[in-house]
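Me: I'd like to learn how to read a model like this one, feature by feature. Could you walk me through it?

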Amino acid sequence: MPSFLSESKVADFQRDGVLVLPDFKSKAECAALLQRAHELVDGFAPSDFPTVFSGTDQTHARDAYFLESGGEIRFFLETDALGPDGKLVRDKHGAVNKIGHALHDRDPLFSGFSRDARLAALAADLGVVQPLLLQSMLIFKSAHIGGEVSCHQDATYLYTEPSSVLGLWFALEDATLENGCMWALRGGHRGGLKSRFLRGSAGMQTQILDEVPWPAFPDGGDYIPLVAPAGSLVVLHGLLPHLSGPNRSSKSRAAYTLHLIDGVTHYPASNWLQRAANDPVRGF
Ligand code: FE2
C-alpha cells in the first residue's frame, strides 16, 4: 500500500512519467526559500565566477567551477547576463540563472525544505529503496531574461545502473504558459535513455545512445504543459523528456529542484557530479 500517494496517483505516474501535486508546500515556505536564495545571491561576487550556464549548449561543462559544484553552493549566470566586456548588464539578482548543486546539504533552510518526511514516503511509494538526495538547484527563470532549457532526460546527467533518478520540482512562484512553465512528453519515460553526459579523457562529452530525435515540439508528440501554481510539487521520472521555453514575460518563475537516486543502484565515476569521499550523499 502506498503511504503518501494514492494507488491511482502511483498508476498515473507509471503511465505518464509525471505528477503535478498542487499545494504541497505553503506559499510562506516557498517565499521563505526564495528569500533565502536571494540572500545567497547577495553574497555572490559575479566578477569572480563569470560562468554562463546555457541550457542549449554544453560549453559550461568544461569549467571546473561547474564540475566541482556537486557538494557546493555555486552560482550560474544567464547567457544574456554578460556584456562584451564580461561585466553584468543587469542587477545580479536578475542575472543568475541558477544556484547549485548541494543547497540541500549546505544550507539549513534548504535542508529542512528537502528533508520532508512526505517526500521520503512518496519516494518509497514510487519504488525507491534507499533514497539519496543527490542534487539540488534553485532556478530563478527571471522575468524577461530567463533562458530556455532544451528537451532532455534527467538521467542523461544523473545516471545510475539501472536508472533510478527521480526529480522533485517545487514551484516557488506560479509557473504558467506565459512565464516558461515546463512541458513534458507524456509517457516518454518508457522509451529509454537517449544520451549520457559523462567525464572523458578530454573533458565532458555526450554519448549518444539513441539517434532518433525527440518528436517536434509542441505538436509532434504528446507534449503537455506542466502549469503549476506556487506550492505545487511536480514529480518527474528520470527518463521523462521535458523542457521549458524562455521567460519573456514580466513575471519570474522561480523553482527549486531536488533529484534523488536509489542507493541500491550503481553510480558510475564517469558521472559529472561527484562528491568528496568525506562528504557522501545522504538520504532524508
Ligand atoms: Fe530536467
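Me: Let's start with Q130. Is Q130 buried, exposed or partly exposed?

Reply: Happy to help, and keep in mind that this is a predicted model. To place a residue, compare its relative accessible area with two cut-offs: under 20% is buried, over 50% is exposed, and in between is partly exposed. Q130 has 39% relative accessibility, so it counts as partly exposed. Q130 sits in the loop between α6 and β4 (131–139).

Me: Which residues is Q130 in contact with, leaving aside its neighbours within four places in sequence?

Reply: Here you look for heavy atoms within 4.5 Å. Q130 is in contact with I261, D262, G263 and V264. As for D210, which is 80 residues from Q130 along the chain, the two C-alpha atoms are separated by 29 Å.

Me: And S111, is it buried or exposed?

Reply: The cut-offs work as before. S111 has a relative accessible area of 17%, so it is buried. S111 belongs to helix α5 (residues 108–114), and it touches L103 and H104, with residues up to four places away in sequence not counted.

Me: Now a whole helix. Which residues of α1 are buried, and where do they lie on the helix?

Reply: A good habit is to list the buried residues and then look down the axis. In α1 (residues 7–16), the buried ones are V10, F13 and D16. Seen down the axis of α1, these buried residues fall within an arc of 150 degrees, so they line one face of the helix. E7 and Q14 are exposed on the other side of α1.

Me: What covers the buried residues of α1?

Reply: The cover includes the strands β1 (18–21), β6 (166–171) and β11 (233–237), along with helix α6 (117–125). Just after α1 comes G17, with a positive phi of about 85 degrees.

Me: Let's zoom out. How many helices and strands are there in the protein?

Reply: There are seven helices and 13 strands. The radius of gyration is 18 Å, close to the 19 Å of the globule rule for 284 residues, so the protein is as compact as a globular protein of that length. The C-alpha trace spans about 55 × 45 × 45 Å along its principal axes.

Me: What share of the residues is buried, and what share of the contacts is between residues 24 or more positions apart?

Reply: Buried residues make up 53% of the 284. Among contacts with a separation of 6 or more, 82% come from residues 24 or more positions apart.

Key: Residues numbered from 1 in each chain as written. Predicted model: local features only at pLDDT ≥ 70, side-chain atom pairs only at ≥ 80, totals over all residues. Heavy atoms only, no water. Buried < 20%, exposed > 50% of the residue type's maximum accessible area, 1.4 Å probe, protein only. Helix = DSSP H or I, 4+ residues; strand = E, 2+ residues; numbered from the N terminus. Arc of directions from axis to C-beta. Rg over C-alpha atoms; globule rule 2.2 N^0.38 Å.
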